Amino acid sequence: MMFLRDAWYVVASAEELTRGPLGRTVLGEPLVIFRVPGGTVGAMSDACPHRLARLSRGCVTNAGIRCAYHSFEFALDGRCVSAPGAKKIPPLSTVRTYPVEERFGWVWLWMGDPARQDPELIPRSIAPFAAGGWTHARGYTHVQGNYELLADNLLDGSHADSVHPGTLGSHFVKEYQIALSTEGRDLIVEHLSRDNAPTGLFEFLMRATEPVDQWVRSRWTPPSTLVLDVGSTLSGQPRSRGVHVININCLTPETATSTHYFWSVARDFANEDAAMTEQIRTMTSQAFDQDRVLIESQQQLLGTRDLRDFRLASTPNDTAPNRARMMLKRLVEQEAAR
Ligand code: FES
Ligand SMILES: [Fe+2]
């Protein structure tokens, strides 16, 4: 299974936790995620060790969570603190917990050995856009497809003309140049095109229809965070005179064949324009739905197989996704060999 376990994955938005315990499967494991009144977020296996009722059907208490079935109560560290009907807390009543960090309005879980948890491994690529001066349009898309198919999609903008005409497509793709580099464990991909029609998104943002130079600078941080700097400037003008948005993508495997896709589009202009935020959110979510349909069609044919198991036709545009797949495979193998 291609999961890197020693890594942080986004499992919820902070906002989702205002509605009580959240049951969510991550890397194939059913988890319950909740916030206690003191503010701390807890994450544990969603299986009550008494009779296996799902804890996410229970309710949050001051100390942790109470099972809905026979009211066993569990503290944030997973220990049972109350077991009605028993004289003392029975053995085998501890629930497995997961380290939690809250960053950028999202809840991140460490899915590997808790002894190896390292907050430094939360992708640094997001931090600059979490600061003041950036307005975010956030969303969540559930995809019936493996998370690496989503990474392929985000690392290869060449599908935009076909899949997103009118919003992200122009004639950008036919003429663009690609440059790949690495920085630590990150893969960086630059797409450039000169003197082309602006995409629908940039027509809207720049309020201009003249030809533009366009760029997409993508940073992939394993296992599955992608930060894309997408911008346009009038042909021949420096980038600083143009407009860009930062598209942040966190792909969390639900199972081997489905994904929790958390995304945000950040901008550093028209920050107070709530209507623009809504418009960007709608446009982005529609674009991702267009991708989703195709990714789900790939997954239907793949079943439980991996794209790597096939000999497929390829173009230079596939270099970046293939490279990321290779890098991730190596990390997973290294982890397994430890
Ligand atoms: S199943 Fe949870 S308390 Fe009985
Ligand atoms: Fe797309």
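**Exercise 1.** Find which protein atoms are the donors of the iron ion (ligand 2), and describe the site.

*Solution.* Step 1: in this predicted model, the donors (N, O and S atoms within 2.8 Å of the metal; water is not among the atoms, so sites may look incomplete) are NE2 of H159, NE2 of H164 and two OD atoms of D291, at 2.1 to 2.4 Å from the iron ion. Local features need pLDDT of at least 70, side-chain atom pairs count only at pLDDT 80 or more, and totals for chains, interfaces and linings use all residues; side-chain values use heavy atoms, without hydrogens and water, residues are numbered from 1 along each chain as its sequence is written, and chains are lettered from A and ligands numbered from 1 in the order in which they are written.

Step 2: the angles among the four donor atoms run from 56 to 134°. Four donors count as tetrahedral if all angles lie between 85 and 135 degrees, and as square planar if opposite donors are over 155 degrees apart and all others between 65 and 115; anything else is irregular. This site is irregular.

Step 3: along the chain, the donors follow the spacing H-x4-H-x126-D.

**Exercise 2.** Decide whether H159 and D291 are buried or exposed.

*Solution.* Step 1: buried means under 20% relative accessible area, exposed over 50%, partly exposed in between (1.4 Å probe, protein chains only).

Step 2: H159 has 19% and is therefore buried. D291 has 6%, so D291 is buried too.

Notes:
Donors = N, O, S within 2.8 Å, 3.2 Å for Na, K, Ca; no water. Tetrahedral: all angles 85-135°; square planar, octahedral: opposite > 155°, others 65-115°.
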